[in-house]
Each structure stands twice: as C-alpha cells, then as structure tokens.
Amino acid sequence: LLLAHNRLTGPLPANASVMLGLTLLDAAENRLSGAIPPSFSRLLSLRELRLDGNVLAGPLPAGLRALSRLVLLELSANKIDGSIPEAWGCASDCFPALETLALSNNRLSALLPSSLFSLPLLQRISLARNALSGPLPTSLALANKTLISLDLSYNRLSGPLPSAIARLEALTFLDLSHNALSAFLPDYLFTFPQLKVMFPDRLKLHGNAWACPIKPRVGGLTCVTSSCPLDFVAHVTAC
C-alpha cells in the first residue's frame with residue numbers, strides 16, 4: 001500500500017484487521033498524527049513499515065516486536081517520545097527479520113537499551129537527533145556480527161566509549177558526533193580491520209568532550225594534538 005507524499009491527515013486506523021495481509025505500508029511524508037495504534041502489532045505479514053515525515057506522537061508500541069517478517073522500520077522525523085522499549089530486543093523472539101531500524105529526528109529520551117544490539121539480523125540503526133542520554137551500553141556488540149551502520153549523533157550520550165565497539169566486525173559507518181562523550185579515545189578504536197574504509201567520512205566523533213592529548217594511530221603513523229574540543233576527522237586525515 002503506497003500512500004507516501006500526499007496530504008493525508010488525522011490518525012492511523014485503530015483497527016488493523018482490514019490490513020492484515022499487507023506486506024508493505026508506505027505512508028511517509030504526509031501529515032498523519034496521533035500515536036501508532038497497538039493493533040499494528042497484528043500486521044504479521046508486514047515486511048516494510050514506512051511512516052517517516054509525519055507528525056506522529058506518543059510512545060513506541062512495545063508490541064511491534066511481534067512483527068516477525070518486518071525487515072525495515074522507518075519512523076524518522078516525527079514527534080514520537082518516551083523511551084525505546086527494552087522489550088524490542090529479546091533476541092530471536094523479537095524482530096527476528098529486522099535489518100533497518102530508523103528512528104532519527106524524534107523526541108526519544110532515556111537510556112539506549114542494550115537489548116537492541118541482540119537482534120539477530122540488524123544491519124542499520126539510526127537514532128540521530130533525539131534526546132537519548134546516559135552511557136553507551138557496554139554489551140552493545142555482544143554476539144552482533146551483522147551491524148553495518150550505527151548513527152547516534154546529536155543526542156545526550158555521555159561517558160567513555162565501551163570496548164565492545166571494537167568487536168563490531170561488520171561496522172563500516174559510526175557516527176557518535178555531537179554528544180557528551182568523554183575520557184580518552186582508546187587505542188582499540190584504531191584497530192578496526194575496516195578502518196581504511198571508514199575514514200574519512202564514515203567515522204565521526206567530533207562535537208564531544210574527549211580528553212587530551214589524543215593520539216590516533218592510522219597506517220602506522222601517530223598524530224598527537226592537544227586541541228580540544230577536537231574536530232576528529234579534520235585532525236586524523238591531516239596526519
């Protein structure tokens with residue numbers, strides 16, 4: 001069902017029984033409002049749900065985790081608030097087919113649940129421009145071999161980088177810019193086998209409060225700078 005880029009207004013239908021056979025629902029870039037109905041968790045044939053660019057509000061329904069065939073969940077650029085449900089990440093029983101989770105440009109807050117990183121096929125997470133706070137989960141790479149892209153920029157995340165980031169074996173894009181992350185940049189960050197692929201456009205750490213001096217080692221070279229706050233990409237690519 002393709003309804004994107006129209007002038008649709010009002011709430012989403014509360015009764016999902018008329019849509020049970022849908023495999024694709026694309027109502028992006030309209031003026032749909034209100035909360036996502038809990039009945040959407042009954043759309044078990046759905047593979048793609050695109051509702052980005054509306055004015056949807058309210059919390060994320062925990063029951064969406066039951067969508068066992070869902071590959072893409074795109075809810076960016078709305079006014080969705082509250083926290084990301086911890087129940088969304090219950091390993092093989094939740095979102096077992098999900099590859100892309102896009103929730104950027106909303107009003108999400110609270111901690112980033114570590115359970116998200118246990119989804120078995122998840123490749124892309126975009127949570128930029130929300131109000132997520134607290135530390136990055138220390139277990140964020142536990143058993144995760146599929147994550148390609150992680151964008152957590154423009155939030156309120158704090159604390160150091162967890163060593164688990166170094167175990168994200170498939171990662172080729174990491175944006176943690178414009179948060180409140182701190183402490184020294186650890187050496188393990190520069191041991192990514194795919195580091196040459198990630199620089200200079202795919203590893204973004206600027207706009208944080210890293211401690212000095214920072215000693216990135218790239219290609220056997222050592223670059224030392226005492227300039228803080230650091231525009232990380234500009235300094236590293238100059239080394």
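**Two parallel sheets and a few side-chain contacts**

Let me begin with Ala62, which sits in the loop between β5 (55-58) and β6 (72-74). Before I go further, I should say that what we are looking at is a predicted model, and that every value I quote is computed from it. Ala62 has a relative accessible area of 31%, so we call this residue partly exposed. Its C-alpha atom is separated by 8.2 Å from that of Glu86, although the two residues are 24 apart along the chain.

The loop that holds Ala62 runs between β5 and β6, and these two strands belong to two separate lists, which I will take in turn: β5 is one of the nine strands of an open sheet with parallel pairing, while β6 is one of the eight strands of an open sheet that is also paired in parallel.

The nine-stranded sheet has the order β1-β3-β5-β7-β9-β11-β13-β15-β17. At its edges stand β1 (9-11) and β17 (209-210), each of which pairs on one side only. If we walk into this sheet at strand β3, residues 31-34, we find that β3 is joined to β5 by two bridges and that the two run parallel; here Ser33 has Val55 of β5 as its bridge partner. On from there, β5 pairs with strand β7, residues 79-82, again in the parallel sense and over two bridges, and in this pairing Ala57 is partnered by Lys79 in β7.

Further along the order, strand β9, residues 107-110, and β11 pair in the parallel sense over two bridges, with Leu132 in β11 as the bridge partner of Ala110. How many bridges join β11 to β13? There are three between strand β11, residues 131-135, and strand β13, residues 156-159, and these strands too run parallel. Within that pairing, Gly134 stands opposite Leu157 in β13.

Turning to the second sheet, its eight strands follow the order β2-β4-β6-β8-β10-β12-β14-β16, with parallel pairing. The edges are taken by β2 and β16 (203-204), and each has a single partner strand, so one side of each is left without a neighbour in the sheet. On the β16 side, two bridges join β14 to β16, the two running parallel, and Leu174 stands opposite Leu203 in β16.

The other edge strand, β2, covers residues 24-26 and includes Asp26, which brings me to the charged residues. Is Asp26 buried or exposed? Asp26 is buried, yet this residue has no salt bridge, and the nearest side chain of opposite charge, that of Arg50, is 4.5 Å away; the salt-bridge cut-off is 4 Å, so that distance falls outside it. What the side chain of Asp26 does have is a polar atom lying 3.2 Å from the backbone nitrogen of Ala28.

Side chains of opposite charge can pair when their charged atoms come close, and a search of the whole structure finds two salt bridges. In one of them, Arg50 pairs with Glu48, with the closest N and O atoms 3.2 Å apart. Arg50 counts as partly exposed because its relative accessibility is 27%, and Glu48 is likewise partly exposed, with a relative accessible area of 29%.

In the other, the side chains of Glu169 and Lys145 meet at 3.3 Å, N to O. Why does this pair tie together separate parts of the chain? Glu169 lies in the loop between β13 and β14 (173-175), whereas Lys145 lies in the loop between β11 and β12 (149-151), so the contact links parts that are 24 residues apart in sequence. Glu169 itself is exposed, with a relative accessible area of 54%.

I will finish with the rings. The count comes to one aromatic pair, formed by Trp88 and Phe95 in an edge-to-face arrangement, at 5.2 Å centre to centre and with 90° between the planes. Both Trp88 and Phe95 are buried. There is also a charged side chain placed over a ring, since we find Arg129 over the face of Tyr154, at 3.9 Å from the ring centre.

Conventions:
Residues numbered from 1 in each chain as written. Predicted model: local features only at pLDDT ≥ 70, side-chain atom pairs only at ≥ 80, totals over all residues. Heavy atoms only, no water. Phe/Tyr/Trp six-rings, centres within 6.5 Å; stacked < 30°, edge-to-face > 60°. Buried < 20%, exposed > 50% of the residue type's maximum accessible area, 1.4 Å probe, protein only. Lys NZ or Arg CZ within 6 Å of the ring centre and 35° of its normal. Pairing = 2+ DSSP bridges. Helix = DSSP H or I, 4+ residues; strand = E, 2+ residues; numbered from the N terminus. Lys, Arg positive; Asp, Glu negative; His and termini not counted. Polar contact = N/O pair within 3.5 Å; in protein donor to acceptor, adjacent residues only side chain to side chain.
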